[in-house]
Amino acid sequence: MTRPSPARGLHHITAIAGDPVENLRFYQHVLGLRLVKKSVNQDDPSPYHLFYADGAGAPGTDITFFPWAHARPGTPGVGVVGETLLTVPHGSLPFWQIRFEAFDVRTEPLRERFGERTLPFVDPHGMRLALVEADDPFAFTPWPASPVPAEHQVRALHGARAPLRELEPTRVFLTDVMGFRQHGEEDGWQRFVLPGAQGAGAGHLLDLRAAPQERRGAWGVGSVHHLAWTVDDVAHQSALREAVAAAGRRPSEIIDRFWFQSVYFMEPGGVLFELATKGPGFAVDEDPDALGQRLILPPWLEPHRSQIEAVLPDLKQAASSEVRA
Ligand code: ZN
């Protein structure tokens with residue numbers, strides 16, 4: 001079998017949040033991302049599925065949430081992503097420190113990691129993220145209605161960090177199947193990178209740390225559910241899917257998510273991965289200027305729209321309680 005081209009970088013990261021109004025208030029009104037799709041969980045339509053991204057809703061910028069307000073908090077530990085990294089332009093972190101202070105966002109002191117200035121912070125539901133000053137080659141589209149000035153807006157996903165019980169099986173899988181390269185070690189973290197030259201440019205990092213004594217983490221409010229990596233199209237996806245299967249990882253069939261096609265599998269360390277196609281994108285079922293304003297349902301749920309809308313919380317509260325720094 002010929003080796004498939006590497007995955008292109010992160011496509012999106014999906015996490016579990018608490019109350020959806022608080023989630024929207026933080027990601028849209030504090031972090032300044034654009035809500036580009038308001039939908040429901042396709043397997044259980046009672047909670048929302050909210051997608052935030054840059055002004056164009058481009059793959060590589062997207063962070064999505066299942067707001068499960070009554071779920072238990074997640075448990076950090078091996079096999080669960082512990083931190084999500086987002087890029088901001090060089091020189092922006094002082095702006096963000098002031099903004100986070102004004103909104104009472106919990107932060108840690110500025111630090112350097114692998115030579116990049118990094119500001120770790122925690123979202124209202126306990127999810128750990130960090131802003132990183134980096135210039136990944138990525139065609140960013142600002143969102144003009146963001147409360148954050150364009151020159152400081154979050155650019156894209158940068159990567160993720162996860163502790164694993166053992167690194168070796170994941171190292172072999174990442175380098176042999178997914179096309180990552182090892183890029184050095186710092187403070188116990190091994191950095192893996194995807195070659196950026198062929199496309200994505202965003203989200204090409206994965207930092208892993210061996211934590212043989214730590215317990216297995218568990219999904220819940222504030223934890224990352226899966227990391228989705230970009231593939232060019234269904235042909236690229238099928239080739240990588242075959243390589244994943246040949247490595248014994250039992251990938252799902254290709255599932256149509258309307259905005260992209262998806263394949264899911266667990267990498268050897270227990271982190272859930274997805275391969276998601278670049279297109280067709282979020283404008284396939286909405287006007288690009290009006291993304292995220294209307295509840296979008298899959299066709300089989302459309303006949304039940306009024307019942308579904310009746311039980312979903314009203315997200316307009318988030319806008320009406322907006323506070324500007
Ligand atoms: Zn996904």
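Trp 96 is buried in this predicted model, with a relative accessibility of 0%. The residue belongs to helix H2, which covers residues 93-102. Setting aside neighbours within four places in sequence, Trp 96 is in contact with Val 30, Leu 31, Val 88, Leu 119, Leu 131, Val 148, His 152 and Val 154. One of these partners, Val 154, is 58 residues from Trp 96 in sequence, and the two C-alpha atoms are 10 Å apart in space.

## The zinc site

Which residues coordinate the zinc ion? The donors are NE2 of His 12, NE2 of His 226 and OE of Glu 274, at 1.9 to 2.0 Å. Written as a sequence pattern, the spacing of the donor residues is H-x213-H-x47-E. His 12 sits in strand E1 (residues 10-17) and His 226 in strand E14 (residues 224-231), so the two histidines tie together parts of the chain that are 214 residues apart in sequence.

Are the two histidines buried or exposed? His 12 has a relative accessible area of 2% and is buried. His 226, at 5% relative accessibility, also counts as buried. The side chains of His 226 and His 12 are joined by a polar contact of 3.5 Å. His 226 makes another side-chain polar contact, of 2.9 Å, with His 225. Apart from residues up to four places away in sequence, His 226 touches His 12, Ile 13, Thr 14, Tyr 264, Leu 272 and Glu 274.

## The sheet

The strands that hold the two histidines, E1 and E14, are part of an open sheet of eight strands. Its order is E2-E3-E4-E1-E14-E17-E16-E15, and the pairing is mixed. The edges are strand E2 (34-41) and strand E15 (255-256), each of which pairs on one side only.

The table lists strand pairs for which bridges were counted, including one pair, E11 with E12, that is described further below.

| Strand pair | Direction | Bridges | Opposite residues |
|---|---|---|---|
| E1 and E14 | antiparallel | five | Ile 13 and Leu 227 |
| E14 and E17 | parallel | five | Val 231 and Thr 277 |
| E2 and E3 | antiparallel | seven | Ser 39 and His 49 |
| E11 and E12 | antiparallel | four | Glu 186 and Trp 189 |

E14 is paired with E1 and also with E17, which spans residues 272-277. Eight of the eight residues of E14 are buried, so this strand is largely enclosed by the rest of the structure. In a regular strand, side chains alternate between the two faces of the sheet.

## Helices on the sheet

Two helices can be described by the strands they meet. Helix H1 (residues 20-30) packs on the sheet and touches E1, E2, E3 and strand E4 (62-67). The direction of H1 makes about 5° with that of E3. Helix H3 (residues 168-178) lies across E14, strand E16 (261-266) and E17, and runs at about 15° to E17.

Which residues of H3 are buried? They are Thr 170, Phe 173, Leu 174, Thr 175, Val 177 and Met 178. After H3 comes Gly 179, which has a positive phi near 90°.

## Nonpolar cores

In soluble globular proteins, nonpolar side chains tend to be buried together. Here the largest nonpolar core has 65 residues. Those with the most contacts inside it are Tyr 27, Leu 31, Met 178, Leu 206, Leu 227, Trp 229 and Phe 273. H1 supplies the largest share of this core, five residues.

Met 178 links this core to helix H3, since the residue is named in both lists. Leaving out neighbours within four places in sequence, Met 178 is in contact with Pro 6, Ala 7, Phe 173, Leu 194, Trp 229, Leu 240, Phe 265, Phe 273 and Leu 275. A second, separate core has 10 residues, among them Ala 53, Ala 228, Trp 259 and Phe 282.

## A hairpin

Strand E11 (residues 181-186) and strand E12 (residues 189-193) run antiparallel and are joined by four bridges. How many residues lie between E11 and E12 in their hairpin? There are two, and Asp 187 in the turn has a positive phi of about 50°. Glu 186 has Trp 189 in E12 as its bridge partner.

Terms used
Residues numbered from 1 in each chain as written. Predicted model: local features only at pLDDT ≥ 70, side-chain atom pairs only at ≥ 80, totals over all residues. Heavy atoms only, no water. Donors = N, O, S within 2.8 Å, 3.2 Å for Na, K, Ca; no water. Buried < 20%, exposed > 50% of the residue type's maximum accessible area, 1.4 Å probe, protein only. Polar contact = N/O pair within 3.5 Å; in protein donor to acceptor, adjacent residues only side chain to side chain. Contact = heavy atoms within 4.5 Å. Pairing = 2+ DSSP bridges. Axes fitted to C-alpha atoms, helices over the stretch in contact; angles between N-to-C directions. Core = buried A, V, L, I, M, F, W, Y, C linked by side-chain atoms within 4.5 Å.
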